[in-house]
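Visitor: I would like to go through this model and ask what stands behind each label.
Guide: Then let us look at it together.

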Amino acid sequence: MIWRVFSFIKPQRGLLMASFIGALIAVFFMLLIPVLIGSAIDTLINPANINWMRLGKTILTMVISIVLVVIFQAEVVITSGRLSFATARRLRDACFNKLQHLPLSYLDTHAHGDIVSRIVNDCDTVSDGLYQALQQLMTGALTVLGTLIFMFFISPPIALIVVFLSPVSIGVAWAITRASQKSFGSQQALQGSLGAYIQEHIQNQKLISLFSYNDVATDGFKALNDELYTVGEKAQFASSLSNPGTRFANNIIYAVVALVGCTAVLTGVPSTLTIGGIQSFLSYTTQYTKPFNDITSVVAQMQTATASAARIFALLDAADEIPDAPDALKLPSLIKGDIAFNAVDFSYSPTKPFIENLSFSIGQGEQIALVGPTGCGKTTLINLLLRFYDIDEGEITVDGLNTRLVARTSLRKAFGMVLQDTWLFEGSILENIRYGNPDANDEDVKEAARSAYAESFIQQLPDGYNTVLGPGGGSLSEGQRQLLCIARTMLQNPSILLLDEATSSIDTRTEVLVQDAFDTMIKGRTSLIVAHRLSTIRNATCILVMKDGKIVERGNHEELIRAGGFYRELYESQWKTSEAEEKATF
């Protein structure tokens, strides 16, 4: 995990080297100070014979060393910060790029709020942990190595005692870290779940209020929040034991060194030491053990960062969408629009077949409608046609070409799609419509809006076409949002149209107008329409009636009504419902 994080640092090797050199220089002068202090003390031992010149040089060197320590420690802080922030940016780029290559099945089976939490919160957490690691671990390692060199230079026997006792401090820190690691992993997972829960309820707040579900939603949030509190408290408590535990062990080491050092000054055993020498040695003992304290003081943050890194790499390691073949074909810019499903099998779960041996064809310029109850497989067919999901068996062709042999980007450019669920981004109305054709000029955009009967409400907005919409369309009604999505598709001018309940949120009068616009637009183009309102597809060339993943009937409206089958049942049930609603309104 740590090495994988450091692989994202490689592009900033210059900053890493600058940080290392700065830490090396800062540690050197920091370790020089105890030697100078010891020398000054030895100079002052005999008041009758003080070498003031030597003392003055020692103090001046000490001041210069302190200044240099401050300067290079600041340099380490700055370079470490830049390095950690650049790494977080690179991680976020990698995660977002990964989203563009994940199959739709991954996004359908993972909470979107949790994915957002990984890209935003977890990357920031890794950045914070890396920032601490670069300062504490790098400086600490150099300090430990440097103090050992100085201690062995002053008194090898006492230095060996320090080295011999060091595992006590390390062991305490290691044991506590191991005990708390699992809790930190659970804490980060719960934070992702909590983020997903909050996002879900913000997006659906109207429905929550409508069904008076506020108290239940609050209870659900409280349960997750309480669980996060319990796990977080446990993790923090366990990690908080590290610092006092290592401080206790380090104080024992300090006491032993002080006792042995005083004995050495008085008796010369185990080695000869001056009073200044023992002062220097005790300073080095403190500096030697300090990195262990520093590291354990941020162990909670570093463990959280490790848990966050695990969540990030779980996303980055998810299986990509099956890549296009190296010799994948490209569809021409203009195609006929012939579509065929030949003995297609597909299932969302290997244990539960959904679509089996499905076959039908759509000729150039035909208008085919898919009808049936919810969950019968209508939208699934569109997902298969666009290769959002790949089929298990059989073949889907466009203009006679197997779609598995065609590059996805080339395939999808041939289609224009209007979904029941609208999507608008934060930007002007011009930008949202132009999303369907980035090269279109303003007049083309306005013509598409007029064709979609959206211009009337656009002109009533404060800045007309330049009105900036909030996320998801801001305060626009659902019907207005859908008109903008229809205009976007009209601007795209695709070879094949896919309409998945494209007029479901539009009032009846506007629907008639938009339907006329669609009728004009689909002339000469193949179109596949998913509809629940059967009145909207009466003029379709062919209607495919689906049930439980199978086509149970096919024909035009009149033929299916005369057949008296499942389609007629659907049509009559809708007619009776509409008639009852009209009477109730009257």
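**Labels and the values behind them**

Guide: Strands β11 and β12 make a hairpin with two residues between them, and Asp-548 in the turn has a positive phi of about 55°. The model is a predicted one.

Visitor: How do you know that β11 and β12 pair?
Guide: Two strands pair if there are at least two bridges between them. β11 and β12 (residues 550-555) have five bridges in the antiparallel sense, so by the cut-off of at least two they pair. Lys-547 has Lys-550 in β12 as its bridge partner.

Visitor: Which strand pairs with β11 in the parallel sense?
Guide: Strand β3 (residues 367-371) does, over four bridges. Leu-544 in β11 is the bridge partner of Leu-370, and Val-545 in β11 is that of Val-371.

Visitor: What makes β11 largely enclosed by the rest of the structure?
Guide: Strand β11 (residues 542-547) has six residues, and five of them are buried, so the strand is largely enclosed.

Visitor: Why is Gln-367 called buried?
Guide: Buried means under 20% relative accessible area. Gln-367 has 11%, so it counts as buried. This residue belongs to strand β3. Leaving out residues up to four places away in sequence, Gln-367 touches Ile-522, Ser-527, Ile-529, Asn-539, Ala-540, Thr-541 and Cys-542.

Visitor: What is the order of strands in the six-stranded sheet?
Guide: The order is β6-β9-β10-β3-β11-β12, in an open sheet with mixed pairing. β6 and β12 are the edge strands, each pairing on one side only. From one strand to the next the twist averages 20°. Helix α17 (residues 478-492) packs on this sheet and touches β6 and β9 (496-500). The direction of α17 makes about 170° with that of β6.

Visitor: Why is the charged end of Lys-547 said to sit over the ring of Phe-566?
Guide: The distance from the charged end of Lys-547 to the centre of the Phe-566 ring is 4.8 Å. The rule asks for a distance within 6 Å and a position within 35 degrees of the ring normal. The distance of 4.8 Å is within 6 Å, and the charge is listed as sitting over the ring, so the angle condition holds as well.

Visitor: What makes β2 and β5 edge strands in the four-stranded sheet?
Guide: That open sheet has the order β2-β1-β4-β5 with antiparallel pairing. β2 (355-362) and β5 (401-402) each have a single partner strand, so one side of each is left without a neighbour in the sheet. Strand β1 (residues 339-346) pairs with β2 over five bridges in the antiparallel sense, and Ile-339 stands opposite Ile-362 in β2. Helix α12 (residues 378-385) lies across β1, β2 and β4 (393-398), at about 110° to β1.

Visitor: How many aromatic pairs are there, and why is the pair of Tyr-348 and Phe-354 called tilted?
Guide: The count comes to twelve aromatic pairs. For Tyr-348 and Phe-354 the ring centres are 5.9 Å apart and the planes are at 40°. Centres within 6.5 Å make a pair, and planes neither under 30 degrees nor over 60 count as tilted, so this pair is tilted. Tyr-348 and Phe-354 also belong to one aromatic cluster with Phe-346 and Tyr-389.

Visitor: Why is Tyr-348 called partly exposed?
Guide: Its relative accessible area is 45%. That value is neither under 20% nor over 50%, so Tyr-348 is partly exposed.

Visitor: What makes the pair of Trp-423 and Tyr-435 edge-to-face?
Guide: The angle between the planes is 70° and the distance is 5.3 Å centre to centre. Planes over 60 degrees apart count as edge-to-face, so the label follows. Trp-423 is in the loop between β6 (415-418) and β7 (427-428), and Tyr-435 is in the loop between α14 (429-434) and α15 (442-451), so the pair ties together parts that are twelve residues apart in sequence.

Visitor: How do you know that Cys-95 and Cys-123 are not bonded?
Guide: A disulfide needs sulfur atoms within 2.5 Å. The sulfur of Cys-95 is 4.4 Å from the closest cysteine sulfur, that of Cys-123, so it is too far for a bond. The structure holds zero disulfides. Cys-95 is buried, with 0% relative accessible area.

Key
Residues are numbered from 1 along each chain as its sequence is written. This is a predicted model: local features need pLDDT of at least 70, side-chain atom pairs count only at pLDDT 80 or more; totals for chains, interfaces and linings use all residues. Side-chain values use heavy atoms; hydrogens and water are left out. Buried means under 20% relative accessible area, exposed over 50%, partly exposed in between (1.4 Å probe, protein chains only). Contact means heavy atoms within 4.5 Å. Axes are lines fitted to C-alpha atoms, for helices over the stretch in contact, and angles run from 0 to 180 degrees between N-to-C directions. Rings of Phe, Tyr and Trp (its six-membered ring) pair if their centres lie within 6.5 Å; planes under 30 degrees apart count as stacked, over 60 as edge-to-face and the rest as tilted.
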